[in-house]
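Trainee: Before we begin, I would like to go through this model with you, one question at a time.

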Amino acid sequence: MRKRNTLYWFCQVAGWTFYGLTLVFFAFIFNNPNNELLFPRIAVTILVGLLSTHLLRELLIRFHLRPPIVSKNWWKLVATILGVILLFNLANSTAVEWLGLFDPATKVSVNTRFVFNLLFDSPLIIVWASIYFIWHYIELASQNEIQRIRLQTLVKELELKTIKSHINPHFIFNALNSIRALVDENPSRARTAITELSNILRSSMQMEKAETITLEKELDIVKDYLALEQIRFEDRLSVEYEIDEDTLDQPVPPMMLQTLVENAIKHGISKEKFGGLIRIVSDNREGKHVLIIENTGRLANQGISSAQVNPPATANGQGFGIESTLHRLQLMYGNKASFHIKNTEDGLVRAVICLPLINALVLR
């Protein structure tokens, strides 16, 4: 507040001083610069102008006439500005009369001087009021833009947290079902599964606040998850990894790859009588970090692409993994990332995620 007041008074003094210097400049061109009344009268005009415009500001604040102006207050604004204009010219004319700042040979009445001041000096108050309102409208627009950006950021954060809150319980329930199936049949394997589950939960809690993690850490979670599922599916589940080591340090949204793998298990492998294959590929292609998840199965529709959804729509029954992936990519990367999933000719479902490389990563 103190800084704003300092800026206000600096602008006030600078503006009226500039006006005074302008009068001196034109006086040197058109009049006698040695006129002893010139500088005192300019000083009076500057002082009265300072007091009048400061009074106008206080009235605007007191009567809540600063931007934005509601329609019913426009007449109050016009009346306030006109009142200050009359007061400014009256005070200026009266001060000149009281202080004797006039040439007796060319003296005019106070009324005549007031009319001349009203004609020639009134625009000063109007210009001041215009600058004052333009300043506040610009400031208001800037504040609104900042609030809009903050609101968008908050909405994105809330949406991402909501997505994460869906991911973790969804994963836990599936993992617990796998362990439950082993408790009676193979207690030793069940204990191993519990250890793997605890590793996954520990990792997921550690990365809860992270917007991205390295692919290497994400793969550790995926491998633990698939180890759990291989206990449940046994020989019915085959897993293949084709990972370019140069991509291991690339950032990816946490739990996104794991969620798509979980989606492939739930909607693909589990529905196949003889099980199937899960293949995970990570590679650098054409300046993009490409992640591919392939699984045995068929999509119920023709496929889904991030280009078809803005904002992303639901996954049409294909599972929360697809829907959450679309939302997260849209929120975090905008049009700098893409996702599509479709059936392939060799009987697989292929999900492809394209992310910007770390050296070109610019979040929207």
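Trainee: How do the residues of the lining of the largest cavity divide into nonpolar, polar and charged?

Mentor: Please bear in mind that this is a predicted model. The largest cavity is lined by 16 residues. Sorted by side-chain class, the lining of the largest cavity comprises eight nonpolar, six polar and two charged residues.

Trainee: Which element gives the most to the lining of the largest cavity?

Mentor: The elements that contribute two or more residues to that lining are α7 (256-267), β5 and β8. With four residues, the one that gives the most is α7.

Trainee: How much space lies in the largest cavity, and which residues lie nearest its centre?

Mentor: The count comes to two cavities of 30 Å³ or more. The space in the largest cavity is about 150 Å³. Nearest its centre lie Asn 263, Ala 264, Asn 295, Ile 341 and Val 349.

Trainee: Which residue of β8 stands opposite Ile 341?

Mentor: Strand β7 (residues 338-343) and strand β8 (residues 348-356) run antiparallel and are joined by six bridges. Ile 341, one of the residues nearest the centre of the largest cavity, has as its opposite residue in β8 Ala 351.

Trainee: Which residue in the hairpin of β7 and β8 takes a positive phi?

Mentor: The hairpin has four residues between the strands. The residue there with a positive phi, near 80°, is Gly 347.

Trainee: Which strands does the salt bridge of Arg 279 with Glu 240 tie together?

Mentor: The closest N and O atoms of Arg 279 and Glu 240 are 3.0 Å apart. Because Arg 279 lies in one strand and Glu 240 in another, the pair ties together parts that are 39 residues apart in sequence. These strands are β4 (residues 276-285) and β2 (residues 237-243).

Trainee: Is Arg 279 buried or exposed, and how does Glu 240 count?

Mentor: The cut-off for a buried residue is under 20% relative accessible area. Arg 279 has 17% relative accessibility and therefore counts as buried. Glu 240, at 35%, counts as partly exposed.

Trainee: How many residues apart are Arg 350 and Glu 294, which form a salt bridge?

Mentor: The closest N and O atoms of Arg 350 and Glu 294 are 2.5 Å apart. The pair links distant parts of the chain, with Arg 350 in strand β8 and Glu 294 in strand β5 (residues 288-296); their separation is 56 residues.

Trainee: Which partner in the salt bridge of Arg 350 with Glu 294 is buried?

Mentor: Arg 350 has a relative accessible area of 28%, so this residue is partly exposed. At a relative accessible area of 7%, the buried partner is Glu 294.

Trainee: Which residues are linked in a network of salt bridges?

Mentor: The structure holds seven salt bridges. One of them joins Glu 58 to Arg 57, with the closest N and O atoms 3.5 Å apart. The residues linked in a network are Glu 240, Glu 242, Arg 279, Glu 294 and Arg 350.

Trainee: How far apart are the end C-alpha atoms of helix α6?

Mentor: Helix α6 (residues 215-233) has 19 residues, so at 1.5 Å a residue it should span 27 Å. The distance in the model agrees with this expectation: the end C-alpha atoms are apart by 26 Å.

Trainee: Which residue with a positive phi follows α6?

Mentor: Several residues of α6 are buried, including Leu 215, Tyr 225, Glu 229 and Phe 233. The residue that follows the helix has a phi near 55° and is Glu 234.

Methods:
Residues are numbered from 1 along each chain as its sequence is written. This is a predicted model: local features need pLDDT of at least 70, side-chain atom pairs count only at pLDDT 80 or more; totals for chains, interfaces and linings use all residues. Side-chain values use heavy atoms; hydrogens and water are left out. Two strands pair if DSSP finds at least two bridges between them. The expected span of a helix is 1.5 Å times one less than its number of residues. Buried means under 20% relative accessible area, exposed over 50%, partly exposed in between (1.4 Å probe, protein chains only). A salt bridge is a side-chain nitrogen of Lys or Arg within 4 Å of a carboxyl oxygen of Asp or Glu. On a 1 Å grid over the protein atoms alone, a cavity is a set of points where a 1.4 Å probe fits but cannot get out, and a pocket is an open set with protein on both sides within 12 Å along at least five of seven lines; lining residues have an atom within 4 Å of a point. Grid points are joined across faces, edges and corners, and a volume is the space filled by probe spheres set on the points. Ala, Val, Leu, Ile, Met, Phe, Trp, Tyr, Cys and Pro count as nonpolar, Asp, Glu, Lys and Arg as charged, and the others, Gly among them, as polar.
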